[in-house]
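Reader: I am new to reading protein models. Please give me a close look at one single part. Then show me how that part sits in the whole.

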Amino acid sequence: MSKRSFITNTFMCKCPRCQQGDLYIKPFSFAKPVDMPENCPECGQSFLPEPGFYYGAMFLSYIVSGFFFLGVVGLCIIGFGMTVNAAMGVLVIVALLVYFPLLRCSRSLWINLMVRYDADAVKNKQSET
Ligand SMILES: [Zn+2]
């Protein structure tokens, strides 16, 4: 399998090391939106390398959502000529729709920043067992 781009892999929420294993347990559950397996099922990469590892993802989520919401409001006001109150109404709806995807993508972005891609990760795991 060829190397996927960093951004594509982040949005697909795949393991950063092998780019094959899923970061999150499927199917999606509103009760546990960021439930992850302890290790990648394909390559064995730990998804919780240390306690509090995803604390940094909180800051990324804040930055990404801030600029995204600014863009949404800017588009509504400048692009569609809406009033500020109408734009805020649209923003609330958009924020509700993208809350869980943003939460998951920020955690995915954080682990993708911290763990490098390894083309032989799956082969190495198979040879160990
Ligand atoms: Zn993996």
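Author: What follows is a close look at helix α3, and then at its surroundings.

Two ground rules come before the details. Residue numbers start from 1 along each chain, in the order in which its sequence is written. This is a predicted model, so local features need a pLDDT of at least 70 and side-chain atom pairs count only at pLDDT 80 or more, while totals for chains, interfaces and linings use all residues.

Start with the setting. The protein has four helices and zero strands. Its pattern along the sequence is α-α-α-α. These elements are DSSP runs numbered from the N terminus: helices are H or I with at least four residues, and strands are E with at least two.

Now to α3, which covers residues 84-114. How far does helix α3 span between its end C-alpha atoms? The span is only 39 Å, while a straight helix of 31 residues would reach 45 Å at 1.5 Å a residue. The expected span is 1.5 Å times one less than the number of residues. Look for a bend, then. A kink of about 50° lies at V98 in α3. The proline P101 follows shortly after. The bend at a residue is the angle between two fitted axes, one through the seven residues ending there and one through the seven starting there.

Helix α2 gives a useful check. It has 25 residues, which should span 36 Å at 1.5 Å a residue, and its end C-alpha atoms are 36 Å apart, which agrees. Just after α2, G81 takes a positive phi of about 65°.

Which residues of α3 are buried? They are R104, C105, S106, R107, S108, L109, W110, I111 and N112. Buried means that 20 or more other C-beta atoms lie within 10 Å of a residue's own; 12 or fewer means exposed, and anything in between is partly exposed, with C-beta atoms placed from the backbone. An α-helix has 3.6 residues a turn, so residues three or four places apart point the same way.

What do the buried residues of α3 pack against? They pack against α1 and α2. Seen from the other side, the cover over the buried residues of α2 includes α3. Those residues in α2 are A57, S61 and C76. Such packing rests on contacts, which are pairs with C-beta atoms, placed from the backbone, within 7 Å.

Next come the nonpolar cores. A nonpolar core is a set of buried Ala, Val, Leu, Ile, Met, Phe, Trp, Tyr and Cys residues, joined through C-beta atoms within 7 Å. The largest core has seven residues: C15, C18, L23, C40, C43, A121 and V122. A second, separate core has five residues, including A57, C105, W110 and I111. In this second core, C105, W110 and I111 are buried residues of α3, and A57 is a buried residue of α2. Back in the largest core, A121 touches R17, C18, C43 and Q45, leaving aside residues up to four places away in sequence.

The loop between α1 (6-12) and α2 (55-79) also deserves a look. Q19 is found there. Is Q19 buried or exposed? Q19 counts as buried because 24 C-beta neighbours lie inside 10 Å. Its phi is positive, about 60°, although Q19 is not a glycine. C13 is in this loop too. C13 also has a positive phi, about 55°, and is not a glycine. C13 is partly exposed, because 18 other C-beta atoms lie within 10 Å. P27 is another residue of the loop. A cis peptide bond joins K26 and P27, with omega about 0°. M36 is in the loop as well. M36 touches L23, Y24, I25 and F47, again leaving aside residues up to four places away.

Finally, step back. The protein has a radius of gyration of 18 Å, but a compact globule of 129 residues would have one near 14 Å. That radius is taken over C-alpha atoms, and the globule rule is 2.2 Å times the number of residues to the power 0.38. Along the principal axes, the C-alpha atoms fill a box of roughly 60 × 30 × 25 Å. Buried residues make up 20% of the 129 residues.

Methods. Two residues are in contact if their C-beta atoms, placed from the backbone, lie within 7 Å.
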